[in-house]
Amino acid sequence: MTNTQLWFRGVRPSKFRHVYGLPTRKECCYTDISVVRSGNDGNFCAVNPTFLAIVADTTFVVIPINQTGRIDFQCCKVIGHTGQILDLKWNPFDDHTIASASDDCTIKLWRIPEGGLTSNLTECLTELVGHKRKVLHIEWHPTAANVLLSAGFDHLVCVWDTANTERALLNVIDCHVDMIYSLAINRDGSMIATTSKDKKLRVIEPRSGIVVSEGVCHLGTKCSKAVFLDSNRILTTGFSRHSDRQYAVWDQHDLKKPLTQEVIDSSSGIVTPYYDYDTRMVYLAGKGDGNIRYYEVVDEPPYVYYLNQFLSGQPQKALGFMPKRGVNVHQCEVFRFYKLHAAGNVCEPISMIVPRKSTLFQSDLYPDTVANVPAIGAKEWFQGRNVSPIMMSMKTGESIMDVANNKSNHHRNSTTTESVAKVQRTHSVHLGNGNANGANTVTNGGTALIQSNGVNGAHHHHHHGASVAANANGTQGHHGLNNGNNNTQHSLSSTKHSLNKENELLDNRKLDNNTKKFAFLSQPTIPDYRPQTIIEKSQKTSTNQSTKFHQLQAIFGQQTTNHKDIANLQNNFLSSSRNSSRNSSLENINLLNSENELRKAFSKQADEIKSLRKSLNGSEKRVRELEAEVKRLQQQLKHCQ
């Protein structure tokens, strides 16, 4: 193919070519948080559709995801570690359980109550003790329940069964000879990948500890990171021999030579990769950078295509990311970061959005994603069974396995309503507030009722004559199992009512920023005659008011005030109004020259007023006592007479 033919091919088509990052308004951020000041590149921020957790040195705070704004510095914390916390991870199958790894060589599991913390949490669910030095990284198994992997400063990778209190440690992998920089696990949990200070990338089978493949990844001495892609590939980020930042893509079965390797830039911050299996996009964010680059992963060379970058003036200290079941599908949001600012104690949500005008559900952007349901138990997995994760629909929030079970149960018992009611598990519903914030999870004893999260917020399902109508809030469903016309009409009318409500809400939300701007500009300007607060600049430029104010403070702040001073003050006022001079009224009075002296005068005056009031109260009390004594003596005199 000639160069001319190549030129006419144009830009590579991709539905993610115009993805952009949307920062959040300040009132929808989480501000005044006591963020940890450590220099480590640990995971200091963890998020799920219910809670946001942020490390604050040896403790961490847990904030409900919809509680934005200023966070009280005395808010409730999780307290229990004696060393600094280096990593936080939420359980993917339980939004109320979080694991924390610490400098004190332990891993602790915590149970967060419904609605968040009301007091400091000091009692942990489980304490995992096995590492000899500080624990750097932890990862939950993506398909097996209660399986946790950890990497420590003692060059060990431990596999834990968190539900087994007697024998929690399933396996110890001791193939590393130097510090472990990162720990990654693939989608079905059958392999883990580690990068180490010895510049090697290792792919390990976690149950047996066998190193499947091993190779040198980046030649630089600084920290390198790894993440699994799909199709048995791994992406690593690190530094070249000349300290240039770079990324590389590897075949996990052959680590002798990378499939592709590219230089990013020459900055010094450690780059952390984040991969989205659903959109096949990888995000590279450097510590201390203000930007997030994102790429699209393909199966043929060059394997990674650069898309764009999100630019910001605020550097990031750490990033947490929302699981896919927590994004806002009505805004075409495909990923959401929670960015800890390096300065300012702010956590800012950043939404990655595909620009589309329709607010309807976009099925090509949201394939079935990983559900919050374990596919296998810890014992089965450790015995050698590998299972793909259970998927869920992003449109309805239903687990694929639950739908199949529900259909079979419905064929067996067509008269029961319970089997239809328990179709759906926990799912996150987001209210569009213009910044893709606010997440509410509707649960009911571990299972949730059918929620509206698709076209116009309502879905109508038919199961052999069973009609399901979702209400406007998406929190409960109406099930009718009779085939009569009354039930059908009732369900249809309720569905229409809910659709009308949702349409009204969507119409109200369709006012974008430009419409609001034009509406504001078209309004008539109303002058504001309210008195303004005096700031320092206006105080300096005012001619008479400030000087009169200081004169009054000077006269009434002094201890000895007499009529002569007041007469002089009046004369000064008259002369200042005639001459319009700024300093003429200050010449004849001994004014206080500094703010400190003015404060002293005020405090003296306040003390004098207090003492006068006290003496006045005492004299009034003494007068009352004397009057009572006079009355008593008069009565005695009458009795004597």
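This passage goes through the confidence, overall make-up, strand pairing and one buried glutamine of a predicted model.

The chain comes out with an average pLDDT of 78, and 68% of its residues score at least 70. Two stretches sit at the weak end of the scale. Residues 1–8 have a pLDDT below 50, and beyond near neighbours in sequence this stretch makes 2 contacts in the model. Over residues 580–592 the pLDDT also stays under 50, though here the model has 24 contacts beyond four places in sequence. Where pLDDT is low, the predicted coordinates are not something to read in detail.

As for overall make-up, the secondary structure adds up to 10 helices and 37 strands. Of the 641 residues in the chain, 45% are buried. Among contacts with a separation of 6 or more, 53% link residues that are 24 or more positions apart. The accessible surface of the chain is about 33,800 Å², and carbon and sulfur atoms hold 50% of that.

On to the strands. One open sheet is built from 4 strands in the order S3-S4-S5-S7, with antiparallel pairing. Its edges are strand S3 (45–47) and strand S7 (77–79), each of which pairs on one side only. On average, and ignoring direction, neighbouring strands in this sheet are turned by 25° against each other. At the S3 edge, 3 bridges tie S3 to strand S4 (residues 51–56), again in the antiparallel sense. Within this pairing, Val47 faces Leu52 of S4.

Further along the chain, strand S18 (residues 200–204) has a partner in S17 and another in S19. Strand S17 (residues 192–196) runs antiparallel to S18 and is joined to it by 4 bridges, with Thr195 opposite Leu201 in S18. The S17 and S18 hairpin leaves 3 residues between the strands, and Lys199 there adopts a positive phi near 70°. With strand S19 (residues 211–216), S18 pairs over 5 bridges, also antiparallel. Here Val203 has Ser213 of S19 as its bridge partner. S18 and S19 make a hairpin too, with 6 residues between them, and Gly209 in its turn has a positive phi of about 80°. S18 itself is largely enclosed by the rest of the structure, because 4 of its 5 residues are buried.

Another hairpin comes from strand S26 (residues 291–297) and strand S27 (residues 304–311), an antiparallel pair held by 7 bridges. Val297 stands across from Val304 in S27. This hairpin has 6 residues between its strands, and Tyr303 takes a positive phi near 70°.

That leaves Gln316, which belongs to strand S28 (residues 316–321). With a relative accessibility of 3%, Gln316 falls under the 20% cut-off and therefore counts as buried. The polar side chain still finds partners on the backbone: the side chain of Gln316 reaches the backbone oxygen of Gly286 at 3.1 Å, and one of its polar atoms lies 3.2 Å from the backbone oxygen of Asn291. Leaving aside residues up to four places away in sequence, Gln316 touches Ala285, Gly286, Lys287, Gly288, Asp289, Gly290, Asn291 and Ile292, as well as Lys339, Leu340 and Ala342. Both backbone partners, Gly286 and Asn291, are thus on the contact list.

How values were computed: Residues are numbered from 1 along each chain as its sequence is written. Side-chain values use heavy atoms; hydrogens and water are left out. pLDDT is the predictor's confidence in each residue, from 0 to 100. Contact means heavy atoms within 4.5 Å. Two strands pair if DSSP finds at least two bridges between them. Helices (H or I, at least four residues) and strands (E, at least two) are DSSP runs, numbered from the N terminus. Axes are lines fitted to C-alpha atoms, for helices over the stretch in contact, and angles run from 0 to 180 degrees between N-to-C directions. Buried means under 20% relative accessible area, exposed over 50%, partly exposed in between (1.4 Å probe, protein chains only). Accessible areas come from the Shrake-Rupley method with a 1.4 Å probe; for residues, only the protein chains shown count as cover. A polar contact is a pair of N or O atoms within 3.5 Å; within protein, one must be able to donate a hydrogen and the other to accept it, and residues adjacent in sequence count only if both atoms are side-chain atoms.
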